[in-house]
Structure formats: C-alpha cells, structure tokens
Amino acid sequence: MSSARLRVVHAGPLVSIQDGGRFGQMRFGVSASGPMDRISFAIANTALGQPETATGIEVSLGGLILECKEGAVSFAVAGGGFSVDCAGNNSTSWTVQTLHEGQKLSIRGGVWGSWAYVAFAGILKAKTWLGSTATHSMSGFGGGALQSGQDIAIDDARIANDRLGDLPCPAFAKPDGEAHVVTGPQDRHFARSSVETFLSSPYNFTDAFDRMGVRLNGPELHLSEALSIPSEPILRGSVQVAGDGVPTVLLADHQTTGGYPKVATVISSDMDRLSQMRAHDSIKFVAVSPGQAVAMARSEAQTRRVYLDELAKPRPSLNERLLRENLIGGVVSGADE
Amino acid sequence: MSDVRFKPVADHALLVEFASEISDEVNRTVIALDHAIAKTQIEGMQEVIPALVNLLAVFDPLQTDHAQVEAAIQKLLPISPARDEEAMHHTVDVCYDEGFSPDLAAVAKACNMSEEAVIAAHGAALYRVGMYGFAPGYAYLAGVPKVIQVPRKTAPVRNIPAGSVMIAGPQCLATTIVMPTGWSIIGHTPAKIMTGNPDRPFLFEVGDTVSFNRIRREAL
C-alpha cells in the first residue's frame, strides 16, 4: 500500500482535523465537535467513496496550502464557495482532483461560506481522543489544529480516476437567510415582546464567530424578571441570551452546560447552513412546533440521502455521469449562482 | 417529587425538569432517572445529560419524537432520589500545602477561620458528583460545608493549571485542563479525572460520591 506525505505550507486559524464527531460524551462535559457543516463534510468523503465520517480537514476562511512531498492522492473539496487551486487548475469548492508529488493545493475563502472540507482517498493519520479524531477546540484534544510547517500522512493513498470531476453543489448546503427554531426551553422567562422581537427581526452574524458559537447583532432581548437558572445542559443550536440581552447561537464546540436562559433552539437540519454564514450576513429565526421540527428533520434527511446515495456511485462513463447529474438535478442549484 | 416538567428542545431533545431551584433531593432524583433511563431500552435514545435540576434526553428524530420519548420516560416516574449507599465511592488525594493553594488564605479570612480549619472542613466532607459541565471532565462536586462556602471572584483569573482543587458556593471542582476561573483554589490533586483508560475514560459517573485525602507536597 502506498502512502502520501503532505506538507502544511500555510494553515490559517481554526483549520483543524475533524471526523464525524465524538458523540455520547456530553454527560462528561465533552461536546461532539466534528465539522461545523456536517453535510458538506459527508459529501467530500462520499465523493471519494469513503465512509461519510472518515477523518478530513476543516478549512476556515484563514485558508490552507498543502504541498505533496511524497506519493499522490485524490482529494475532494466540498462546502462553501471557496477558491481551489490545484497545481494551477482553478475551481471552486465541489471538486474531486488528484495531487501529485511536488504539486501544491491551495484553498482560500471565496464568494460564500465560512468552512470548506478536504477529504482524501485514503486514511488521514491523526491523533484520536475518546475514539474520535475530531478536534475539540477548547482543549485541543483529538486530531488538533493544523500548524504551518507540519507534515500530514495519508495511508493507503489512492488515485481515484473514477471519481474525478466537479460535484453538483446541492441547494441544501447553501445558507438561505433563515433558521427554524423551537422556542425555549426558557422562552416563558422572556418578556413576551422580546420573544416576538426575536422571531420578527433580522439579526446579523458578528465576527465573534468561532467553533464554540456566534454572537448576533440585533435587537436586545429582555427577561420578564431577573432570572438565575441552575446550570443546565445545552446543545449545538441553543440560542442563549447573556445579561446584556445579546443572543449567541452555540455551535460545534459549545460548552455542555450553561446558566444563561435560552430563548430558542435551532433545529438540527438547519445548523449546517447556518454555520456557513459569515459576519454581517443577516438571518431570520422562524418558529416551528416540535412536531414540525421532527417532520423537517425527516424530510431533510431523505433529500440528503438521495443525493449521497447517487454521489456514492463511481462514474465510469460520460453517459452515466450525465444521467446522474439529471437524477440529482432536482436537489441541485448551480455552483455558479 | 411533585410536578415534572417536559420541554421539547429543537427536533431532537427533551428537557426533563424536576424543579427550578437546586436542592440535594432534586439532584438525587435527576441521578435516579438518569440511571433508570440507562437501564431501559428507549427506542432512538442517543444520550442523556444529567444536570443539577434537570436532564436532557437527546434522541434521533428519524426514529422517534418528543411525545414518544416523553411517554417512555413517564413510565419511569415517579422515582425516588438516588441514595449514596448505592453509589460508587472515590477517595481523591489533595495537597493543600503552600504553593498549591493560592486562595486558601483568602478563604480562611472570608470565613473567619484558620487555614487549618478550612482544610479540615473541606477534607472531612462527603461530596457527590452532581453533574459534569463547562469543559471535559469538569465534575461539579456538591457538598462544600456551609462554613467554608465563598462566592465566586468578581473577575476570572487566567491560566489556572490542571489538577487545581477549587471551590465556589456549595460546589467543589478539580480541573482537568488549563482554563480561566473565578473559583477559589485551595489545593492540588494528582488524580486523573480524565483517566486515559478507554474502558472508563472519566473517573466519576454522575451520582458517585467523593471524599478527599490530604497528602503533603512530598507525595505529589
């Protein structure tokens, strides 16, 4: 089996190793981590025929440059509208190419999106913690943040000629300016007008945005009376409101418990799109019932499954590629939009 | 335990709350329900996060929904508070010596006690793991005796080393990673709460009891 060795020529802040996430440990204070945009991560792996949760790299707007020092390996980039330059071949995210010895791969922020994912046809070697390579940013445990100058190794590196080409960017992977929420658990402690304000006013992302959460900018929310709640479990998607009345949406590396009241919680199927937004982007929160939230999660999962199942198939001929692109056309929006 | 409140959270979780105020009995009831859920096969249940007055049941919305999970948990209620006699007990070494207890003098002063009396009170108490939270392995130990309870500092202090034993209000905590904190550091423990053992990666389960054993700096 061959292996490839890649040098990290440049890694911006918050560029890290991730896998599908470290689940089941919140009771010990450990949030799941894993990709900020889980579906784009799964797409990058699936495009190479890899398991959806195989270890890959999360690229922030800080960008990543890799140079292949030994061997050759096919890779996929998915997530956001980043700029990809592989040995002078320019494209956007949503591509499968091969990096050969001596060549450089550069991934930089592009027209939209905050996170892009690189998967490799092979096994990216990374440190595990509690059975997962996902980087937990607060502690640094897991695969870790990439540092300029370090080398990464890919075992069983393959060239996947039957996978090369552009990927259709699905509509569900793009932010649409909306996030559905179920109000609470502490909505009853907010002034009624504050809950209405939260659900009717646009909020903007600020640049206080990292893997733990994003602070919003918009109308302040007020409690109906001073409230001290005992520290309680929180989730990716919790919208907590600190004493200054400013809401924060908690993200992949959130603390597992907190004592701030939560006005609402974003439903899981909207979190990937939300995480791809950028500072100054505007978002509206739309309330749904718990039953509607479950129905939306199921419908979204079905749409994603159709896309991933088609993508999982290799594409041996041009005719089959065209047929496939027609089949998934229903869920595709042009990557050039 | 009187009325239990169920609150749906997003599409994939249910908050089960026993009270809005912290008490020993409420936390023990949460722990009892956590144990009972662990022993029951509830379809689609992914993880349960117990806390001081409530627990969060996280489920797969493709397999179940809030109503079904609520019905399954209702079947386990009412439930009696967990008892210490049934909990696993741990004895944790702690060194209160100078150089390891930067806030001991301030705690003693605030409580109008000698440092030795603070150490004796802290070391004689029995603690219960009320919940984990904040950061990996941060086990909140309930049971700090009233005579040595002090509030949090007004501003956090940065770069507190792992292994610090600290107190705030009725709670005690041994840190696992370098973090800022507003709690008062009264000792240092060599115990590894994150064990490195894949079969039991965290030393305590929620609900376990803990006592401290004083060691001197030579034993660290």
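Start where the two chains meet: in this predicted model, 34 residues of chain A are in contact with 35 residues of chain B. If you want to trace chain A's half of that meeting place, look for strand S17 (232–233), strand S21 (262–266) and helix H4 (290–312), the elements of chain A that each give two or more residues to it. Helix H4 of chain A gives the most, with 7 residues. And what sort of residues sit on this side? Sorted by class, the side of chain A that touches chain B has 19 nonpolar, 12 polar and 3 charged residues.

Now stay with chain A and look at how it is divided. Domain 1 covers 4–172, and domain 2 covers 178–288. Take the centres of these two domains over their C-alpha atoms, and you'll find 29 Å between them. The domains touch each other as well: 19 residues from domain 1 of chain A and 14 residues from domain 2 of chain A take part in the contact. On the domain 1 side, the split is 7 nonpolar, 10 polar and 2 charged residues.

Next, have a look at the strands of chain A. Seven of them form a closed barrel, and you can follow it round in the order S14-S21-S18-S19-S16-S15-S22, with mixed pairing. On average, neighbouring strands here are turned by 40° against each other, direction ignored. You've already met one member of this barrel, S21, as one of the strands that give residues to the side touching chain B.

It helps to zoom in on one pair from the barrel. In general, the strands of a sheet pair through backbone hydrogen bonds, either parallel or antiparallel. Which sense do S15 and S22 of chain A use? Strand S15 (residues 203–209) and strand S22 (residues 282–287) of chain A pair in the antiparallel sense, over 2 bridges. To find the spot on screen, pick A:Asn204, which stands opposite A:Ser282 in S22 of chain A.

Finally, hop over to chain B. Its domain assignment also gives a domain 1, here 5–82, and a domain 2, here 86–219. The C-alpha centres of these two lie 28 Å apart. Where they touch, 8 residues of domain 1 of chain B are in contact with 8 residues of domain 2 of chain B. Helix H1 (residues 24–39) of chain B supplies the largest share of the domain 1 side, 4 residues. By class, that side of domain 1 of chain B holds 5 nonpolar, 2 polar and 1 charged residues.

Terms used. Residues numbered from 1 in each chain as written. Chains lettered and ligands numbered in written order. Predicted model: local features only at pLDDT ≥ 70, side-chain atom pairs only at ≥ 80, totals over all residues. Contact = placed C-beta atoms within 7 Å. Nonpolar A, V, L, I, M, F, W, Y, C, P; charged D, E, K, R; others polar. Domains from an automatic or database assignment. Pairing = 2+ DSSP bridges. Axes fitted to C-alpha atoms, helices over the stretch in contact; angles between N-to-C directions.
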